[in-house]
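Dear colleague,

I am handing over a structure for you to look through. Please open it first, and then read the notes that follow.

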Amino acid sequence: MTQKEALDLLMMGKNIFLTGQAGSGKTFLLNKYIKFLKSHKVSVAVTASTGIAATHLNGSTIHSWSGIGIKNSINSIDLSKIARNSHKRDKIKNAKVLIIDEISMLHSYRLDMINKVCKYIKGNLRPFGGLQVILCGDFFQLPPIHEKTDTEVQFAYKSDAWRELDLNICYLNEQHRQLDDSFLNLLNEIRSQEVTEYTFEKLQKRLNKKLSTDLKPTKLFTHNADVDHINNHELEKIDSTAHRYKMVTRGKKEIVETLKKGCLAPEDLHLKEGAIVIFIKNNPSKGYINGTLGKVVRFTDDSNPVVRTFDGREIITSTAAWQLEEGERIIAEIAQIPLRLAWAITVHKSQGMSLDAAEIDLSKSFAHGMGYVALSRVKSLDGITLLGINQNALMVSSEVAAFDTDLKKQSIELSNFLANLEKDEIENTKKSFLIQILRDDTDLNNEAFEGFFR
């Protein structure tokens, strides 16, 4: 499907799964639709499964927007609490369209939780409370992080919410990132599980290859330990005094550990002027969200780091708190400066980025799609230096490959259906949708929710 066809379907008000290979223009198309909605004063919730992905749409994480946080389940008490939070309640209640980017990394049960929250807050039992829902992503990319209780990968398409939405599949087939046709063919071989020996040899030729560019390449690693080692090494090279920030915690040890894992705040953070950093918490009122990149340019008299983002803004960064609540009670809390060093980042954090050059270590790849994500961040093979690679790096999920084949078939059928519609019919449907979503929502009576949790 072309971007024009997909945009027509979006503007016609369809619930959409927007997919396609890396560089097919998914984020570009979403931004185009967001601009259209905002120009018509339509309230759109722009979210993503990860903080970095959210930065590409100037949005927030779906966990934050919906109020589900890091929970794995939701009950009537949780819903009541979200509803009492006027800020979150009003955002959900006023939204007409919900966009969730990088859907491959969102667990199925969390998509069901979001569906339940939207129905409850909007007082509407239709899927997601009647919102137009656009899910975007590529299931060949990184899967949801494996939880100890998971017996299999909990992809979003296994959720009840996915089935309820009856999604229209828009599979983009144009290419807007990779400039190198042979590199594009290489990526397609990985997707189709047809990596040849010749292809593998092409990649091996990039091992420790010096880049013919003056650009400082981003370093991508599969494990946090390697990322931390590189970042600490780079910090040591700066000849100035380090400012140290020690995490403060309260609550039971095991609950605090869960909280630490969810927010990625370092227990002992060392910063210097000139350090490259990434924000690890959402605070739009102060100008940053989880995934905002920047450089420490100075420290205040109170030792708070001042970070200049890559778009030129300066942010005075103070201590932030992460809390885990049970009912009305805070059962665990940690407090720390919401930054991590970022000369190197994990492949997980890179998903959704577009890079001119990268040094990539795939020698410890452990998840399907890891190599595909890392390699496809870069525009051409000439922009890649491989520091290592293993056979796991080029593996993709057989389940996803079969599902992807079905998605392509559905997208072709939808494209053919659209081609048979008269232009006037398409335009009239667009106008009708705009009129419909600009009307006020009508709340259902509370009786409609009897048995909501049965």
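Ile 82, Ala 83 and Arg 84 in helix H5 meet Ser 86, Lys 88 and Arg 89 in helix H6, where contact means heavy atoms within 4.5 Å. The residues of this contact divide into two nonpolar, one polar and three charged, with Ala, Val, Leu, Ile, Met, Phe, Trp, Tyr, Cys and Pro counted as nonpolar, Asp, Glu, Lys and Arg as charged, and the others, Gly among them, as polar. Helices (H or I, at least four residues) and strands (E, at least two) are DSSP runs, numbered from the N terminus.

Please keep in mind that this is a predicted model, in which local features need pLDDT of at least 70, side-chain atom pairs count only at pLDDT 80 or more, and totals for chains, interfaces and linings use all residues. Residues are numbered from 1 along each chain as its sequence is written, and side-chain values use heavy atoms, with hydrogens and water left out.

In helix H2 (residues 26-39), the buried residues (under 20% relative accessible area, 1.4 Å probe, protein chains only) are Lys 26, Leu 29, Leu 30, Tyr 33, Ile 34, Phe 36 and Leu 37. Seen down the axis of H2, these residues fall within an arc of 160° (taken from the directions from the helix axis to the C-beta atoms), so they line one face of the helix. The face turned away from that buried side carries Phe 28, Lys 35, Lys 38 and Ser 39, which are exposed (over 50%, with partly exposed in between). After H2 comes Lys 41, whose phi is positive, near 60°.

Finally, Thr 319 is found in the loop between strand E14 (314-316) and strand E15 (320-326), and counts as exposed at 52% relative accessibility.

Best wishes

Methods. Expected span 1.5 Å × (residues − 1).
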